[in-house]
Structure formats: structure tokens, C-alpha cells
Amino acid sequence: MTLVDRTSAGPAAGHTTADATIYVCITCRPAGEPDSAFRPGAVLAESTAKAAEGAGVRVVRVKCLANCTRGPTAA
């Protein structure tokens, strides 16, 4: 089950609707790494959102895309 962070589920800045949606896992971390505040997936989500500003692309941060062993994930 994928849990969506509703704080980021709105349209991209400046748009009433999004032309595309990118889902980015914010809980991804390298296998075997300790549970910490630093999450590569969260960095990917932030970078993706910044790159998508004004492009009609909505970036939705989710809590799992079930691809944990392969690193940061977007769909």
C-alpha cells in the first residue's frame, strides 16, 4: 500500500491542474543503512519539485513505492 503525503499532492505552483504527476518515495534509503533523518528519496523529491516548478508537473511525495532495495525511486 502506498501512503501519499497530502501536503504535496496539490497542483504544481502556478497551475490549476498538472499535465503530469511524478510520485517520489521519500522514505528510500540504502539497504543496511541505519534509520536516520537523512533520506536520499527526500532529497530526490525536493530536487524534482524544484526542477518541475512552472512546468505543469505535480510532484507527489509518497511514503513507499516498494522498491527499497534499489535506491531512491520515482514513478
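Student: What covers the buried residues of α1?
Tutor: The cover includes β1 (20-25) and β2. Here contact means heavy atoms within 4.5 Å, and buried means under 20% relative accessible area, with exposed over 50% and partly exposed in between (1.4 Å probe, protein chains only). Helices (H or I, at least four residues) and strands (E, at least two) are DSSP runs, numbered from the N terminus.

Student: Is this a predicted model, and what should I know about how it was handled? What are the cut-offs?
Tutor: This is a predicted model, where local features need pLDDT of at least 70 and side-chain atom pairs count only at pLDDT 80 or more, while totals for chains, interfaces and linings use all residues. Residues are numbered from 1 along each chain as its sequence is written, and side-chain values use heavy atoms, with hydrogens and water left out.

Student: Back to α1. Which of its residues are buried?
Tutor: P40, G41, A45, T48 and A52 are the buried ones in α1. They sit on the same side of α1, because they cover an arc of only 140° around the axis. The arc is that of the directions from the helix axis to the C-beta atoms.

Student: And how far does α1 reach?
Tutor: α1 has 13 residues and spans 18 Å from first C-alpha to last, close to the 18 Å expected at 1.5 Å a residue. The expected span is 1.5 Å times one less than the number of residues.

Student: What follows α1?
Tutor: G54 does, and its phi is positive, near 75°.

Student: Where else is phi positive, in a residue other than glycine?
Tutor: At A66, with phi near 55°. A66 is in the segment after β2, and A66 is exposed, at 66% relative accessible area.

Student: What's the usual sign of phi outside glycine?
Tutor: Most residues other than glycine have a negative phi.

Student: OK, zoom out. In what order do the elements run?
Tutor: From the N terminus on, they go β-α-β. That's 1 helix and 2 strands in the chain.

Student: How much of the chain is buried?
Tutor: Buried residues are 29% of the 75 in the chain. As for surface, the chain exposes about 4800 Å², and carbon and sulfur atoms supply 56% of that. Those areas come from the Shrake-Rupley method with a 1.4 Å probe; for residues, only the protein chains shown count as cover.

Student: What share of contacts comes from residues 24 or more positions apart?
Tutor: Taking contacts with a separation of 6 or more, such residues account for 72% of them.

Student: Which residues form the largest nonpolar core?
Tutor: There are 6: V24, I26, A45, A52, V57 and V59. α1 (40-52) and β2 (57-62) each supply at least two of them. By nonpolar core I mean a set of buried Ala, Val, Leu, Ile, Met, Phe, Trp, Tyr and Cys residues joined through side-chain atoms within 4.5 Å.

Student: T48 isn't in that list. What does T48 touch?
Tutor: Leaving aside neighbours within four places in sequence, T48 is in contact with I22, V24 and V59. T48 lies in α1 and counts as buried, at 17% relative accessibility.

Student: And G41, buried or exposed?
Tutor: Buried, at 0% relative accessibility. Not counting residues up to four places away in sequence, G41 touches V24, C25, I26, C28 and P72. G41 and T27 are 14 residues apart in sequence, yet 5.9 Å apart C-alpha to C-alpha.

Student: How far is G71 from G41?
Tutor: They are 7.7 Å apart, C-alpha to C-alpha, and 30 residues apart in sequence. G71 is in the segment after β2 and is buried, with a relative accessible area of 16%.

Student: T73 is in that segment too, right? What does its side chain pair with?
Tutor: T73 does lie in the segment after β2. Its side chain makes a polar contact with the side chain of N67, at 3.2 Å. A polar contact is a pair of N or O atoms within 3.5 Å; within protein, one must be able to donate a hydrogen and the other to accept it, and residues adjacent in sequence count only if both atoms are side-chain atoms.

Student: How accessible is T73?
Tutor: T73 is buried, at 10% relative accessible area. Beyond four places in sequence, its contacts are Y23, V24, C25, C28, L44, L65 and N67.

Student: Last one: what joins T21 and R58?
Tutor: A polar contact of 3.3 Å between their side chains. T21 lies in β1 and is partly exposed, at 28% relative accessibility.
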